[in-house]
Amino acid sequence: MRSNSVLHLDDARPGLHQAEAWRDAVAPFWTFAIRKEDLAAFRGRSHVQHLGNAILCRASASGLQFTRDRALVARMGVDHVLAHMRLSGLSRIAVGGSEQACGPGDICLLDLSRPLAARSTDYRALTVVLPRGLFGAHQGALDALHGRVIRGATPFGRMLGDHLRSLSAHAPGFSEREAGAAGQATAMLLGAAVSGLPAEDRVGQAPDGAPLLLTLRRFIEAELAAPDLNAETLGRTFGLSRSALYRLFVPLGGVSGYIRQRRLARAYQELAAGGGRGARVSEVAYRWGFESPAHFAQAFRAAFGHAPRDVRAQSPAQPLPEAARDRSESWPDFYDWVLRLAA
C-alpha cells in the first residue's frame with residue numbers, strides 16, 4: 001500500500017446522515033451505538049492517512065458507545081496494536097472485566113485481536129494503528145498491554161503525547177521514506193513504554209532475545225488444523241515446562257483457551273466467507289479440531305452469540321469485510337488498509 005493515501009470524513013450536516021457515514025468510517029474497528037435522543041445532533045469527523053507501515057487518524061465525534069466483540073475480531077482477523085490519545089473528552093475502556101478511564105492527554109493501548117467495549121463523551125483524539133511486526137524485540141511484551149493506559153501526566157506520557165501531536169502535524173508533508181521512518185519511530189517509542197511496565201506484567205522471552213510468546217503464537221497459527229495441537233505438543237516442541245507455558249499464556253486466557261479462540265476465529269471466517277455456499281458446518285467443525293459438530297456449535301455460540309449455521313446462511317450483504325468494502329461509497333479502501341497493513 002502506498003504511503004500518504006488520505007481519507008476524509010467532514011460533513012457539515014449533523015444527524016442521521018453523518019452517523020451513517022461515521023458507521024462506515026469506523027466499521028473496520030468498532031460497532032457503535034448512539035442514544036436516540038442524541039442522533040439528530042450527532043457529529044463525526046475523521047482524517048485518516050496511510051503512512052505505509054502505519055495508519056494515522058485524527059477524529060472527533062459526539063458521545064458514543066463502542067464495542068469490538070468476538071465476532072468482529074474474528075471477521076477482521078488482524079492483531080495490530082492501536083494507540084489512542086485523547087485530546088479532549090473522557091472515555092471508559094472495559095477489557096476482561098476491568099475498566100480504565102482515559103482522559104485528555106492519556107494514551108490507551110489496544111490489541112485488535114481481542115475484544116473490548118468503551119463509552120465516550122464528545123471527544124477529539126489522535127489514533128495510530130501499527131502492525132505487531134513493527135515492534136521488533138518488544139513484540140512479546142504487547143500481549144499484556146490490552147486496555148492499558150499511559151497517563152499523559154507522567155514524563156514519558158507527555159513525551160509520547162508530544163510525539164503523536166508532532167506526527168499528526170507533519171505527516172501530510174512526509175515523503176514515502178519519511179512516512180515509513182515515522183511509523184517505525186512511533187512503534188519504538190510505544191515499545192519502550194511497554195517495556196517500562198513492572199516485570200510481573202511482562203511475558204517471558206527466549207534466551208536469544210526473540211519474543212517467545214510471539215514464536216508460540218505463530219506456531220499455533222500454522223498448526224491450528226492439527227488434531228494434536230495442545231499444551232503438551234507446545235511443551236515438547238519448544239522445551240517448555242507446563243508451568244512456564246501457562247505463565248506465558250495467562251494474558252491470553254490460557255493455552256487451551258487461546259487455541260480454541262483461534263480455531264473458532266478461523267471457523268467463523270470460513271463460514272462467513274462462503275456466503276451460504278461453503279462447506280457444511282460439520283466439515284468446518286472437524287477441520288478446525290472440534291470433537292463433534294455439537295461441541296463446535298456450543299463453543300461457537302458461547303464465543304459469538306449465534307449459531308454457526310446462522311453465519312453460514314448470511315448473505316454477502318451482511319457485515320463482512322468484503323461486503324462492507326462494497327457498501328462503503330465514501331471510504332472504499334479503508335478495509336483494505338486495515339487488513340493489509342504490514343511492517
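Here are some notes on the fold, the sheet, the cavities and a pocket of this predicted model.

1. **The chain as a whole.** Let us start with the overall picture. The chain has 14 helices and 12 strands. Of its 343 residues, 50% are buried. Looking at contacts between residues at least 6 apart in sequence, 73% join residues at least 24 apart.

2. **The sheet.** Seven strands make up an open sheet, in the order β1-β3-β4-β11-β6-β9-β12, and the pairing is antiparallel. Its edge strands are β1 (5-9) and β12 (148-150), each of which pairs on one side only. From one strand to the next the twist averages 15°. As a general reminder, strands of a sheet pair through backbone hydrogen bonds, either parallel or antiparallel.

3. **The β6 and β9 pair.** If you would like a place to check the register, try β6 (residues 81-88) and β9 (residues 107-111), an antiparallel pair with 5 bridges. Val81 has Asp111 as its bridge partner in β9. Both residues come back in point 7, where Val81 and Asp111 are among the residues lining the second largest cavity.

4. **Helices on the sheet.** Which strands does helix α1 lie across? Helix α1 (residues 16-26) lies across β1, β3 (44-50), β4 (55-61) and β11 (123-130), and runs at about 25° to β3. Helix α5 (residues 176-195) also packs on the sheet, where it touches β6, β9, β11 and β12. The direction of α5 makes about 100° with that of β11.

5. **His47 in β3.** His47 is a residue worth displaying with its neighbours. Its place is in strand β3. Is His47 buried or exposed? His47 counts as buried because its relative accessibility is 17%, and the cut-off for buried is under 20%. Leaving aside residues up to four places away in sequence, His47 touches Val6, Leu7, His8, Leu56, Cys57 and Arg58. Val6, Leu7 and His8 fall in the range of edge strand β1 (5-9), while Leu56, Cys57 and Arg58 fall in that of β4 (55-61). In the strand order, β3 stands between β1 and β4.

6. **The largest cavity.** The structure holds 2 cavities of 30 Å³ or more, and the largest has a volume of about 380 Å³. Its lining counts 26 residues, with Trp30, Phe66, His84, Tyr123 and Thr127 nearest the centre. Two or more lining residues come from each of α1, β3, β4, β6, β7 (91-95), β9, β10 (116-120) and β11. Which element gives the most? That is β11, with 4 residues. By class, the lining has 21 nonpolar, 4 polar and 1 charged residues.

7. **The second largest cavity.** This one holds about 70 Å³ of space. Its lining residues are Val81, Leu109, Leu110, Asp111, Phe135, Leu142, Leu145, His146, Leu190 and Val194. The elements giving two or more of them are β9 and α5, and β9 gives the most, with 3 residues. The classes here are 8 nonpolar, 1 polar and 1 charged. Helix α5, already met in point 4, touches β9 as part of its packing on the sheet.

8. **The second largest pocket.** For the open spaces, please look at the second largest pocket, with a volume of about 300 Å³. How many residues line this pocket? The lining has 15 residues, and nearest the centre lie Asp79, Arg217, Glu221, Tyr258 and Arg262. Helices α6 (212-222) and α9 (255-273) are the elements that give two or more residues. The largest share, 4 residues, comes from α6. By class, this lining divides into 4 nonpolar, 5 polar and 6 charged residues.

9. **The β7 and β8 hairpin.** Last, a local detail. Strand β7 and strand β8 (residues 98-102) run antiparallel and are joined by 5 bridges. Within this pairing, Arg92 has Ala101 as its bridge partner in β8. The hairpin has 2 residues between the strands, and Gly96 takes a positive phi near 55° there. Strand β7 is also one of the elements that give two or more residues to the lining of the largest cavity.

Terms used:
Residues are numbered from 1 along each chain as its sequence is written. This is a predicted model: local features need pLDDT of at least 70, side-chain atom pairs count only at pLDDT 80 or more; totals for chains, interfaces and linings use all residues. Side-chain values use heavy atoms; hydrogens and water are left out. Two strands pair if DSSP finds at least two bridges between them. Axes are lines fitted to C-alpha atoms, for helices over the stretch in contact, and angles run from 0 to 180 degrees between N-to-C directions. Contact means heavy atoms within 4.5 Å. On a 1 Å grid over the protein atoms alone, a cavity is a set of points where a 1.4 Å probe fits but cannot get out, and a pocket is an open set with protein on both sides within 12 Å along at least five of seven lines; lining residues have an atom within 4 Å of a point. Grid points are joined across faces, edges and corners, and a volume is the space filled by probe spheres set on the points. Ala, Val, Leu, Ile, Met, Phe, Trp, Tyr, Cys and Pro count as nonpolar, Asp, Glu, Lys and Arg as charged, and the others, Gly among them, as polar. Buried means under 20% relative accessible area, exposed over 50%, partly exposed in between (1.4 Å probe, protein chains only).
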